[in-house]
Amino acid sequence: GLHLNLTNERPAADAAKIPLLIGADGKLKNGFVNLLLLSLLKPRAFKQQIETEIRAQVQKYAATGLPFNHIDGHRHVHLIPAVFNIVRQVAAEYHIERIRVMNENIFNTVRQNKSKSWLVDGGLVKYMILRFLTWWNGYKSDVYFYSILYTCKISADLFDGVKIPAGYRAVEIMIHPAMPEIDRQHMEDVWDENILSPWRTVELETLLNKKVPEGIENADNH
């Protein structure tokens, strides 16, 4: 699927056609909050330019011939309502069967995990915003998302006895594996300091841990 990017590096569309999104260096300049504000303050121009960039990225991906069964967004910007409406329209046109939404049950997650890092590192705020936007967009998915509360801090212990609510056919886990010691040798490509976090190594270890899936059960114990 496509990890839609509207916040970092260079666009897929002609920069001259999307001035609201581009900085003086020719790169995408807005974060989540700025995109949300633009969607409210300059809705018409924003929607036109966002659609131009989204279609350019979707067409670029489709041209590869790779399977195209889902779409999501870097920093979850696809959940901004004005963006989501366009993503939903384009997904229907390209027969993309699933758009990532934040349907995680917070009570289910915190019941299973001792770590309360989400109380101080912004995990709770992020969850509340994205959960509200998912509700606002009115889109349902049969794939369960786990765990936005521990974003960029996904360790193997988070999967001990995790029970996924009934009614979902699959579980999606967002993970950011990397080797910071190698990335430091190529600082010209490091556009986010989080890339150098030691948690990237922890997440790589989690990804390679073959026992992790064994700790995930749905409500029916399947």
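**Figure 1. G138, just past the end of helix α5.** This is a predicted model, and our tour starts right after α5, where G138 takes a positive phi of about 65°. The helix that comes before G138, α5, covers residues 123-137.

**Figure 2. Helix α5 from end to end.** Count along α5 and you get 15 residues. From the first C-alpha to the last, the helix reaches 21 Å, close to the 21 Å expected at 1.5 Å a residue.

**Figure 3. The two sides of α5.** Which residues of α5 are buried? They are G123, Y127, L130, L133, T134 and N137. Look down the axis of α5 and these buried residues fall within an arc of 140°, so they line one face of the helix. Swing round to the other side of α5 and you meet V125, M128, W135 and W136, which are exposed. And what covers the buried residues of α5? The cover includes α1 (32-41), α3 and α4 (106-112).

**Figure 4. The open sheet.** Three strands make up an open sheet, in the order β1-β2-β3, and their pairing is parallel. The edge strands are β1 and β3, since each of them pairs on one side only. As a bit of background, strands of a sheet pair through backbone hydrogen bonds, and the pairing can be parallel or antiparallel.

**Figure 5. β1 next to β2.** Strand β1 (residues 2-4) is joined to β2 by three bridges. To find your place, spot L2, which stands opposite I71 in β2. Then look for L4, whose bridge partner in β2 is G73. Helix α2 lies across both β1 and β2, running at about 160° to β1.

**Figure 6. β2 next to β3, and the way across.** Here β2 and strand β3 (residues 98-99) pair in the parallel sense, over two bridges. I71 turns up again in this view, now opposite I99 in β3. To get from β2 to β3, the chain passes through helix α3 (residues 81-93), and this β-α-β crossover is right-handed.

**Figure 7. Strand β2, covered on both faces.** Zoom in on residues 70-73, the stretch that forms β2. H70 and D72 sit on one side, I71 and G73 on the other, and all of them are buried.

**Figure 8. H76, in the loop after β2.** Follow the chain into the loop between β2 and α3 and you come to H76. Is H76 buried or exposed? Its relative accessibility is 6%, so H76 counts as buried. Leaving aside neighbours within four places in sequence, H76 is in contact with F32, R100, M102, L130, I148 and M174. One of these, L130, is also among the buried residues of α5. H76 and I175 are 99 residues apart in sequence, yet their C-alpha atoms are 14 Å apart in space.

**Figure 9. N113, between α4 and α5.** N113 has its place in the loop that links these two helices. With a relative accessibility of 6%, N113 counts as buried. Who does N113 touch, once neighbours within four places in sequence are left aside? The answer is Y146, Y150, D157 and L158.

**Figure 10. K42, between α1 and α2.** This last close-up shows the loop between α1 and α2 (43-62), where K42 is found. K42 is partly exposed, with a relative accessible area of 45%. K42 and R98 are 56 residues apart in sequence, and C-alpha to C-alpha they are 28 Å apart in space.

Definitions and conventions. Residues numbered from 1 in each chain as written. Predicted model: local features only at pLDDT ≥ 70, side-chain atom pairs only at ≥ 80, totals over all residues. Heavy atoms only, no water. Buried < 20%, exposed > 50% of the residue type's maximum accessible area, 1.4 Å probe, protein only. Helix = DSSP H or I, 4+ residues; strand = E, 2+ residues; numbered from the N terminus. Pairing = 2+ DSSP bridges. Right-handed = clockwise from strand over helix to strand, strands pointing away. Expected span 1.5 Å × (residues − 1). Arc of directions from axis to C-beta. Contact = heavy atoms within 4.5 Å. Axes fitted to C-alpha atoms, helices over the stretch in contact; angles between N-to-C directions.
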